[in-house]
Amino acid sequence: MSSQDNSEENPPQQQDDADGGVLATRDNPFANPGLPPHEHRVQDIDERAAKRSERVVAGLFTLSMLSTIGFIASYVAFPVDKIVYVFPIGHVSALNLSLGLTLGLALFCIGAGAIHWARTLMTDVEVPEERHDIEATPEVREELLAGFQDGVRESDLGRRKLVRNTLIGAMAMVPLTGLVLLRDLGPMPGTMLRHTKWAKGKMLINENTHEPLRPEDIAVGSLTFAMPEGLSEEDHDFNNQIAKAALMIVRLQPENIKDKRELDWSHEGIVAFSKICTHVGCPISLYEQQTHHVLCPCHQSTFDLTDGGRVIFGPAGHALPQLRITVNDKGYLEAMGDFAEPVGPAYWERG
Amino acid sequence: MKKLSARRRHPLAALVVLLFALAATGGLYAAFAPADKAKADEAQASLAIDEGKKLYAVGCASCHGTGGQGTSDGPSLVGVGAAAVDFQVSTGRMPAQQNGAQAPKKPKVYTAAETEQLAAYVASLGAGGPETPNKSQYSLNGKEDAANGGQLFRSNCAQCHNFSGKGGALSNGKYAPPLDGVSPKHIYEAMQTGPQNMPSFPDTVMPEKEKRDIIAYLNKVNSDDTESPGGFQLGGLGPVAEGLFAWVFGLGALVAITIWVAARTTKAKKS
């Protein structure tokens, strides 16, 4: 294709000189200046250049085909765990790298070929096209309206009201099928959010060793995570349970504890707080042992563990719930009950 | 036996028995009594403490007090143990250059021997702190379970140090440092002693084997040989870095190519 192709809108004489334009005058300052004179491309003038462009485009498309074959070949050839060293990237999966490169090249070559084709070989003649009304002609409109009226009359919809009304009823009822399926989102959580696995007499189990914790295990400045006795990582609802029961244990100097209730609920300076942020429930445990602050990684809520878990910064709404602990007759730490308030973020019925 | 028995009343018999007894006692003493060695060790130890005290008075006392009791500029060192000193001094964190949110890692000031003397002195100030770990405690012996280490790392360490130990920010200018290039000994000591604002993870709640598992995990995910099937890690910081890369470089490249294509004219007559 080249600009030599003639069309009705663009007779050749109009392309080659800037005809079709009107000079602006005092009376008509916004006159249509028309198109600038059309310039030819090398490919329009020189057939060899056009051939060369054709070869480049075909070459790009062929390269794309080869890349696609390369993609299939590397999918077959490389095992999924094969790691190779490639200089700037490092130790990388051979499969991922080759699939990405071949697919990328295949897609890129199609795009680059199409652009080169459009810019050098397809016609680049400027084509003015005047806007016209969107409206259909009066005859077409008339015919359509008449047809609609005919339909209404022939279907007896206006006369047989029972049919019409039951049809409306049927259409209105169908969406209920979708609505009733929402019931499967239930059952309602009930009081599940209020309670955790902690209960009176449950020992604090170290999450690292799965052994019950003794007070002497926990040094000042250390950080330990615990789960309630009887909870096992193999339980099918372990994740649901630990999401509420996760516990963070630190030891403070008793004289550093400012909050009286916190001191009462601690054992020799060992305090146990919920690990679930009261903002949106992220696991908080960025514990700074010198400031005794614990931060939430999600929105930087900061709690003061020496002051009843009070919020000192960030969006969290209320203090971290503390678990009341003591030591049992065998010398292990145990809970004296569940958390006194629901753990985690606030919700409507939280009370 | 008869011969021996016949001569038991010989005038020299008592002397012979006495000689035997003395030889036996002396031999036993020499074999079992560690007295000399103990004395030598003790002497060496007290020498190290003395040397350490001198170093301490010059390099540490201005902040930590002349007897390690601490001042308003530095915490008390009584009972922190030798491992804490070894970590702080051999990673160059101490002596601190200036007061600030956190003492950063920097080239170390003291030699290994001086560090040991300082540690000996500080350890002598009060009992309680962990001793400098020996090689068998922190070096990997091939029996480590890196997968278990990964689980432990994610539950105990990742909240501050990021999932693959790339570090992260804390409050008021404090930060958890990246863990790449940190020697196993220093990782082990940090877990034991809880330097600066890091909480400690003593052996009572995280046994030696679990600490080694964590070190094995870090070697697996955070060293020069770490396999990264996805290619560039972009700092291992997760979706933020990846999104930034895609928006800046991915979209930027597309915009640049588009401009480049559109800016070139295809006309034969260049204007």
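What percentage of the 351 residues of chain A count as buried? The figure is 26%. Keep in mind throughout that this is a predicted model.

**Stop 1: chain A as a whole**

Select chain A and colour it by secondary structure. You should find nine helices and 13 strands. Now zoom out. The C-alpha atoms of chain A fill a box of roughly 105 × 80 × 60 Å along the principal axes. The radius of gyration of chain A is 39 Å. A compact globule of 351 residues would have one near 20 Å. Next, think about contacts in chain A with a separation of 6 or more. Residues 24 or more positions apart account for 53% of them.

**Stop 2: a glycine in helix α3**

Select A:Gly59. This residue sits in helix α3 of chain A, which covers residues 47–77. Is A:Gly59 exposed, partly exposed or buried? A residue is buried if 20 or more other C-beta atoms lie within 10 Å of its own, and exposed if 12 or fewer. A:Gly59 has 13 other C-beta atoms within 10 Å, so it is partly exposed.

Add A:Met192 to the selection. The two residues are 133 apart along the chain. Draw a distance between their C-alpha atoms, and you should read 66 Å.

**Stop 3: where the chains touch**

Show both chains. The contact between them takes 39 residues from chain A and 34 residues from chain B. Stay on the chain B side. Helices α8 (146–156) and α9 (158–161) of chain B each supply at least two residues there. Which of the elements gives the most to this side? It is α8(B), with three residues. Colour the chain B side by residue class: 14 residues are nonpolar, 14 are polar and six are charged.

**Stop 4: chain B as a whole**

Hide chain A. Chain B has twelve helices and two strands. Walk along its sequence and the order is α-α-α-α-α-α-α-α-α-β-β-α-α-α. The C-alpha atoms of chain B fill a box of roughly 135 × 50 × 40 Å along the principal axes. Its radius of gyration is 31 Å, while a compact globule of 271 residues would have one near 18 Å. Of the 271 residues of chain B, 31% count as buried. Among contacts in chain B with a separation of 6 or more, 66% come from residues 24 or more positions apart.

**Stop 5: helix α5 and its partners**

Two packed helices are described by the angle between their axes and the distance between the axes. Select α5 (residues 82–90) and α10 (residues 184–193) of chain B. Their axes come within 9 Å and cross at roughly 130 degrees. Angles from 65 to 115 degrees count as roughly perpendicular, and those over 145 as roughly antiparallel. The pair α5(B) and α10(B) is therefore oblique. Their crossing is left-handed. On α5(B), show B:Ala83, B:Ala84, B:Asp86 and B:Phe87. On α10(B), they meet B:His186, B:Glu189, B:Ala190, B:Gln192 and B:Thr193. This contact has four nonpolar, three polar and two charged residues.

Swap α10(B) for α6(B), residues 112–123. Here the axes are 8 Å apart and the angle is about 145 degrees. This crossing is right-handed. The contact residues include B:Val85 and B:Val89 of α5(B), and B:Leu118 and B:Val122 of α6(B). By class, eight are nonpolar, two polar and one charged.

**Stop 6: α8 against α11**

Go back to α8(B) and add α11(B), residues 208–221. The axes come within 7 Å and cross at roughly 95 degrees. The two helices are therefore roughly perpendicular to each other. Show side chains where they meet: B:Leu152 and B:Phe153 are among those in α8(B), and B:Ile214 and B:Tyr217 among those in α11(B). The contact has six nonpolar, three polar and three charged residues.

**Stop 7: three loops of chain B**

Select B:Pro95, in the loop between α5 and α6. A cis peptide bond joins B:Met94 to B:Pro95, with omega about -5 degrees.

Move to B:Asn162, in the loop between α9 and β1 (168–169) of chain B. Its phi is positive, about 75 degrees, although it is not a glycine. B:Asn162 has 21 other C-beta atoms within 10 Å, so it is buried.

Finish at B:Gln196, in the loop between α10 and α11. B:Gln196 is not a glycine, yet its phi is positive at about 50 degrees. With 19 C-beta neighbours inside 10 Å, B:Gln196 counts as partly exposed.

Terms used. Residues are numbered from 1 along each chain as its sequence is written. Chains are lettered from A and ligands numbered from 1 in the order in which they are written. This is a predicted model: local features need pLDDT of at least 70, side-chain atom pairs count only at pLDDT 80 or more; totals for chains, interfaces and linings use all residues. Helices (H or I, at least four residues) and strands (E, at least two) are DSSP runs, numbered from the N terminus. The radius of gyration is taken over C-alpha atoms; the globule rule is 2.2 Å times the number of residues to the power 0.38. Two residues are in contact if their C-beta atoms, placed from the backbone, lie within 7 Å. Axes are lines fitted to C-alpha atoms, for helices over the stretch in contact, and angles run from 0 to 180 degrees between N-to-C directions. Angles under 35 degrees count as roughly parallel, over 145 as roughly antiparallel, 65 to 115 as roughly perpendicular and the rest as oblique. A crossing is left-handed if the near helix is turned anticlockwise from the far one by less than a right angle, and right-handed if clockwise. Ala, Val, Leu, Ile, Met, Phe, Trp, Tyr, Cys and Pro count as nonpolar, Asp, Glu, Lys and Arg as charged, and the others, Gly among them, as polar.
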